[in-house]
Amino acid sequence: MINPIMKTECLKEGRNIRLPMMVILYNALLAFITIIFMFFNAESFQEGYSYDTASYLYQFLIISTIQIGTVFFGMPFLVWSCFTQERENHIIEHFCMIPGFAKQFVIARITRIMAVNMLLFISSLPIISLSCIYSGFPWAKIVRLGIMIMIFSFWSGSISVFSFCMCKKGIWAFAQNALLEGGMLIGTLLVVELIRNLALSVSGQAVPVPLVTNLCILLVLLNPLAAYMGYYGNVTGDIGLVNTYCSHIGVDTTGQLFSLLFYKAASIICIFMGIVFLALAVWQLEKETPQEIK
């Protein structure tokens, strides 16, 4: 391998009992939800009610949403377990004396994190495929789900790696990670609403001016939920929620250009933000190393 740290990370994760336990618990949760859906569908069919295969669509949506949610909520714990001992014992700072170590270390950590999430996704394919079999769902939806999980793993993992490189104590890194992700997921929506209401109160118009609308749409694109709503609309064919919200801030969603670029731009911005946080993590490690050595 070009990156020797990556080989070490793979060996550490592969020999840890945590990984098989995560796979078992992860798939047990998804299997439990699948069994509940299949049970109620079978009961409805036996009682003479109409057998609606569309329920499997929502089964697929719920399972995939749980998988995406697991990436956001489980990422800090996953990164914490990777960093705690090395960071709090100042092991990383001493290894940073080696030229190029910080960059290789950050790349190895984000690769390890994404590999674990993709392994969990691949292990759940037999469960997810049940929804496709019963509802006639195309396999392309599963491929798109895998891409979304990979993007969100990179975004959330980059923020977590940056937080744990920034803070020496795990509890403070965890808090910073929660604030950053919460700010992106919820804070952007609150800021958009604040800017919109302030602009309307100043201008006295019913619709925000184009400058305010463009600023609001940029803030919305910073939110990973924008990329998820593209996945949601692709699965269900329902984009009413997106249309309602975008119309609320003065964005015209009827044009083909919006549907063609909006969701793709949101995914690209997620990747770009992840790269920025990784670069900041490398910069932080390189910046503090000389101070620790002295």
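Read from the N terminus, the elements of the chain run α-α-α-α-α-α-α-α-α-α-α-α. The model is predicted, and it contains twelve helices and zero strands.

**The whole chain.** Display the full chain and colour it by burial. Of its 294 residues, 45% are buried. Among the contacts with a separation of 6 or more, 80% join residues 24 or more positions apart.

**Helix H10.** Select residues 224–236, which form helix H10. The 13 residues of H10, at 1.5 Å a residue, should span 18 Å; the end C-alpha atoms lie 19 Å apart, which agrees. Next, show the side chains of this helix. Buried positions in H10 are Pro 224, Ala 226, Ala 227, Tyr 228, Met 229, Gly 230, Tyr 231, Gly 233 and Val 235.

**The two ends of H10.** Move to the start of the helix and select Asn 223 together with Leu 225. A side-chain oxygen of Asn 223 comes to within 2.9 Å of the backbone nitrogen of Leu 225. Then go to the other end and select Gly 237, just after H10, where the backbone adopts a positive phi of about 75°.

**H7 against H10.** Keep H10 in view and add residues 140–166, helix H7. The two helices pack at an angle of about 175°, and their axes are 11 Å apart. Angles over 145 degrees count as roughly antiparallel, and H7 and H10 are therefore roughly antiparallel to each other. To see the contact, select Lys 141, Arg 144, Leu 145, Met 148, Phe 152 and Trp 155 on the H7 side. On the H10 side, select Pro 224, Ala 227, Tyr 228, Gly 230, Tyr 231 and Asn 234. Coloured by class, the residues of this contact comprise eight nonpolar, two polar and two charged. Several of the H10 participants, including Pro 224, Ala 227 and Tyr 228, are among the buried residues of that helix.

**Ile 142.** Remain on H7 and centre the view on Ile 142, which is found in this helix. Its relative accessible area is 5%; because buried means under 20%, Ile 142 is buried. Now show what surrounds Ile 142, leaving aside neighbours within four places in sequence: the residues in contact with it are Phe 60, Phe 121, Leu 125, Ile 128, Ser 129 and Cys 132. As a last step, draw a distance from the C-alpha atom of Ile 142 to that of Ile 128. These two residues are 14 residues apart in sequence, and their C-alpha atoms are 7.8 Å apart in space.

Notes. Residues are numbered from 1 along each chain as its sequence is written. This is a predicted model: local features need pLDDT of at least 70, side-chain atom pairs count only at pLDDT 80 or more; totals for chains, interfaces and linings use all residues. Side-chain values use heavy atoms; hydrogens and water are left out. Helices (H or I, at least four residues) and strands (E, at least two) are DSSP runs, numbered from the N terminus. The expected span of a helix is 1.5 Å times one less than its number of residues. Buried means under 20% relative accessible area, exposed over 50%, partly exposed in between (1.4 Å probe, protein chains only). A polar contact is a pair of N or O atoms within 3.5 Å; within protein, one must be able to donate a hydrogen and the other to accept it, and residues adjacent in sequence count only if both atoms are side-chain atoms. Axes are lines fitted to C-alpha atoms, for helices over the stretch in contact, and angles run from 0 to 180 degrees between N-to-C directions. Angles under 35 degrees count as roughly parallel, over 145 as roughly antiparallel, 65 to 115 as roughly perpendicular and the rest as oblique. Contact means heavy atoms within 4.5 Å. Ala, Val, Leu, Ile, Met, Phe, Trp, Tyr, Cys and Pro count as nonpolar, Asp, Glu, Lys and Arg as charged, and the others, Gly among them, as polar.
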